[in-house]
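Colleague: Got a minute to walk me through this model? I'd like to hear about the overall fold and the ligand site before I set anything up.

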Amino acid sequence: MASIGIAGGGIIGCAIAATLAARGHAVTLFEPDLAGLPASAGNAGILAVPEVDPIARPDMLTQVPRWLIDPLGPLTLRWRDLAALTPWLTAFLRSASPARAAATRAALLGLMRRVEADHEALSALAGMTDPLRATGALTLFDRDAGLETAFRHESKTARELGFTLERLGPSEVRARIPALDGRFAGGIVSSGYKTFRHPTTFLRALQTHVGRTATMVDEAVTAVRPEARAVALVSGDGASHRFDKVVIAAGVWSRSLVRGLGLRVLLETERGYNTTYATPPFELAMPIFFADHGFVASPFEGALRIGGAVELARPEAPPNFARARAMRTKMRRYVSALPEEGGIEWMGRRPSTPDSLPVISLSPTDPRIAFAFGHGHLGLTLSATTGRLIADLLDGNDPETARGMAPFSLNRFQHG
Ligand SMILES: Cc1cc2nc3c(=O)[nH]c(=O)nc-3n(C[C@H](O)[C@H](O)[C@H](O)COP(=O)(O)OP(=O)(O)OC[C@H]3O[C@@H](n4cnc5c(N)ncnc54)[C@H](O)[C@@H]3O)c2cc1C
């Protein structure tokens, strides 16, 4: 059994800590803001198993110019951050070739096949009962053509992953979700999605479990220092903490720790916005994705959350909550009962790689150091699977795992 230090107590760091502690390792987790609301708390709360297509893909590129014209649309770029974002954007465009998008899809399909079993195992070891509800999800379309194309594509994914789809006209949609009283062409209900009872509650329950099974340190990690007999994590107060092995799982903030090790990484934030209503003004039986507008309405236990969108910007840039407002305004076209005011606005940072694949990897220069970040739009979905895979990589007793992990290696950023 090893002593293992982990930087980052978001959903990824906590899933890894819980898994490693359950295997008998002596785990120490560094998190400077345990009560904070990172992406892991404020997300849309959806177990999005069907989402195996990368963001960078040929059909997406044709839509980008139209989206970028609308400053409050589904995809925006903070133009004054363009210079800082250029290396990431260049790699993003390169990743959008048909061959690379297909390779990414195949890699994500491989992960998604294990997601549900991994979440069941994680919930069981953390003593959580049923954090997920089998809601399915509705994707709503403004035009028949979009519905037709999406249905054809989703049917392929449904066959590959073994879930079902229903194609519904407007009146069938309204029969399922009476609150939808606006105009739309129809929708697709997919059984492949599940919804967390509440993503913040899920994160807090996992953090509490980690607090019982690991040592928590209320400090940021400022540097990783490999030594002959140990790997030291330097904390914000200047102390050096020595471990047999370490994991960097600090969301977008992982990048400075990785770069401090002399390694290259392309990691930026796709920032998202939402509004949460503590007293849901109407019932939704399932999340609704608004396909033409890039946002989603998620029903939680005792809350309704409306948000999404992608804003490419430096992590520390000030938030622009007009984006949260724009999504509420758009949603009112479909659900007139949505109140104008009364919700709590939030901005969060998806830690994103240009090819939409997370980094789940041992360091190419030191196998005592593991990396787990860059989960983009899918961190909640992939958290339990990442926990298992990082534990397998660090335990080093499963060559099959190591062989299958090439697409997720940090190596892919070292040449270029
Ligand atoms: C609007 C929105 C909606 C989303 N919806 C979904 C969804 O429905 N389903 C889904 O699967 N995913 C969703 N995501 C994505 C998901 O939330 C993220 O991928 C995931 O939360 C990333 O988790 P993380 O632990 O890597 O990072 P984070 O949640 O960012 O956590 C990183 C943690 O590291 C800590 N930290 C920072 N610096 C240091 C340091 N130096 N040392 C130690 N600790 C440090 C931070 O305080 C933070 O707690 C959504 C994201 C957004 C923004």
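Modeller: Sure, we can start with the whole chain, then go to the ligand and a few individual residues.

Colleague: Is this experimental or predicted, and how many helices and strands are in the chain?

Modeller: The model is predicted. The chain has twelve helices and 21 strands. Its radius of gyration is 21 Å, close to the 22 Å from the globule rule for 416 residues, so the chain is as compact as a globular protein of that length.

Colleague: What box do the C-alpha atoms fill?

Modeller: Roughly 65 × 45 × 40 Å along the principal axes. Of the 416 residues, 49% are buried. Taking contacts between residues at least 6 apart in sequence, 75% join residues at least 24 apart.

Colleague: OK, ligand next. Which residues are closest to the ligand?

Modeller: Gly10, Asn43, Gly251, Gly272 and Gly379 are the closest, out of 41 residues surrounding the ligand.

Colleague: And which element gives the largest share of that shell?

Modeller: That's β19, with four residues. Elements that supply at least two residues each include α1, α2, β15, β18 and α11.

Colleague: How do the shell residues divide into nonpolar, polar and charged?

Modeller: There are 18 nonpolar, 19 polar and four charged residues in the shell.

Colleague: Switching topic: what about α8, where does its buried side pack?

Modeller: The buried residues of α8 pack against α1, β2, α2, β9 and α11. Those buried residues are Pro199, Phe202, Leu203, Leu206, Gln207, His209 and Val210. Looking down the helix axis, they fall within an arc of 160°, so they line one face of α8.

Colleague: Which exposed residues sit on the face turned away from that buried side?

Modeller: Thr208 and Arg212.

Colleague: What span should α8 have, going by 1.5 Å a residue?

Modeller: The 15 residues of α8, 199-213, should span 21 Å, and the end C-alpha atoms are 21 Å apart, so the two agree.

Colleague: Now leucine 266. Buried or exposed?

Modeller: Leucine 266 has 20 other C-beta atoms within 10 Å, and the cut-off for buried is 20 or more, so leucine 266 counts as buried. You'll find leucine 266 in the loop between α9 and β15.

Colleague: What is leucine 266 in contact with, leaving aside neighbours within four places in sequence?

Modeller: Pro87, Trp88, Ala91, Thr353, Pro354 and Phe413.

Colleague: Take proline 87 from that list. Where is its place, and how many other C-beta atoms lie within 10 Å?

Modeller: Proline 87 is in helix α4, residues 82-95. Proline 87 has 15 other C-beta atoms within 10 Å, so it comes out as partly exposed. To relate it to α8, proline 87 and glutamine 207 are 35 Å apart in space, C-alpha to C-alpha, and 120 residues apart in sequence.

Colleague: Last thing, backbone oddities. Which residue in β18 has a positive phi although it is not a glycine?

Modeller: Alanine 309, with a phi of about 65°. Alanine 309 is in strand β18 and counts as buried, because it has 23 C-beta neighbours inside 10 Å.

Colleague: And what is the phi of serine 356?

Modeller: Serine 356 also has a positive phi of about 65°, and it is not a glycine either. Serine 356 is in the loop between β19 and β20. With 26 C-beta neighbours inside 10 Å, serine 356 is buried.

Methods:
Residues numbered from 1 in each chain as written. Predicted model: local features only at pLDDT ≥ 70, side-chain atom pairs only at ≥ 80, totals over all residues. Near = placed C-beta within 6 Å. Nonpolar A, V, L, I, M, F, W, Y, C, P; charged D, E, K, R; others polar. Buried ≥ 20, exposed ≤ 12 C-beta atoms within 10 Å, placed from the backbone. Contact = placed C-beta atoms within 7 Å. Expected span 1.5 Å × (residues − 1). Arc of directions from axis to C-beta. Rg over C-alpha atoms; globule rule 2.2 N^0.38 Å.
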